Amino acid sequence: MLYGVGRISTGKQNIERQVRNILAKYPNARIIKETYTGTKLEGRKEFENLLKIIKKGDTLIFDSVSRMSRNSEEGCNLYEDLFNKGINLIFLKEEYINTEVYRKDLEYQINIELNTGNEATDELMQTIISALNKYTLALAKEQIKKAFDQAEKEVQDLHQRTKEGIITARLEGKQIGQIKGTKLTTKKKKEAKPLIVKYSKDFDGTLSDIECIKLIVISRNSYYTYKKELKEMVA
């Protein structure tokens, strides 16, 4: 089974770009979309559920290594765990660390094992093959760690550039974000406030709070927040 994993950590990122990249090469992939915040796998509900159902021979496809994990150590551990379980991993932007690359090397080394009929020779060959396997895995881990380290560094660099950009903008007198003390006006708020004034007995209407909430079809929290703001405006 092919699974394409799209992941974003902020609302400003576009998960559809990742999905398009995956489907362009693997149109039959089942797409798993997920938005989460942070650098830990904990809390990634969709991805955690996927890890519970995948089995040997299944394939996970990521747009890049950073979409599996932004933390180098965590990413390496997860890679090794999935590799040992026989799960195929594909990274579109870092194909050199796809599991197929290392699995083929291991399979080739195992296949060169000889049965010479001489016990001492066979043991020696097995020792050599075992050493080669360990070397290949060590080399794989090194390359994988470099890829995850690079992905983590790119994220850290982006955060630093963003931080520096905000500092520079503030020094230049530019407003960053919402002005303290101002209230964000949403479409829902614009539509609800006139109705509260019209129907609430605390303003121009005759209805109680519960009746207004039901009539306007609004949550209790939003209703009382908007009502409080209206009273502050009147005052």
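Which residue's side chain meets D202 in a salt bridge? K227 does, with N to O at 2.3 Å. Keep in mind that this is a predicted model, with an average pLDDT of 78. Here's a quick tour of the salt bridges, one helix pair and the confidence scores.

**Salt bridges around K227**

- There are 11 salt bridges in the structure, and two of them involve K227: one with D202 and one with D209.
- The D202 pairing links distant parts of the chain, 25 residues apart. D202 sits in the loop between α6 (187-199) and α7 (209-216), while K227 belongs to helix α8 (residues 220-234).
- On the D202 side, relative accessibility is 38%, so this residue counts as partly exposed.
- K227 itself comes in at just 7% relative accessibility, which is why K227 counts as buried.
- For the bridge to D209, the closest N and O atoms are 2.7 Å apart. Since K227 lies in helix α8 and D209 in helix α7, this pair ties together parts that are 18 residues apart in sequence.

**Other salt bridges**

- R17, D63 and K93 are joined into one network by salt bridges that share partners.
- K55 and D58 also pair up through their side chains, at 3.9 Å from N to O. That value falls inside the 4 Å cut-off for a salt bridge.
- Are the two partners buried or exposed? K55 counts as exposed because its relative accessibility is 52%, whereas D58, at 2%, counts as buried.
- As background, side chains of opposite charge can pair when their charged atoms come close.

**How α6 and α7 pack**

- The axes of α6 and α7 are 10 Å apart, and the two helices pack at an angle of about 135 degrees.
- That makes α6 and α7 oblique to each other, because an angle has to be over 145 degrees to count as roughly antiparallel.
- The crossing of α6 past α7 is right-handed.
- Which residues meet here? From α6 come A192, L195, I196 and Y199, and from α7 come C212, L215 and I216.

**Confidence**

- Of the residues, 76% score a pLDDT of at least 70.
- Residues 39-43 are a spot to watch, with pLDDT below 50. In the model, this stretch has 10 contacts beyond near neighbours in sequence.
- Where pLDDT is low, the predicted coordinates should not be read in detail.

Definitions and conventions
Residues numbered from 1 in each chain as written. Predicted model: local features only at pLDDT ≥ 70, side-chain atom pairs only at ≥ 80, totals over all residues. Heavy atoms only, no water. Buried < 20%, exposed > 50% of the residue type's maximum accessible area, 1.4 Å probe, protein only. Helix = DSSP H or I, 4+ residues; strand = E, 2+ residues; numbered from the N terminus. pLDDT = per-residue confidence, 0-100. Contact = heavy atoms within 4.5 Å. Axes fitted to C-alpha atoms, helices over the stretch in contact; angles between N-to-C directions. Parallel < 35°, antiparallel > 145°, perpendicular 65-115°, else oblique. Left-handed = near helix turned anticlockwise from the far one by under 90°.
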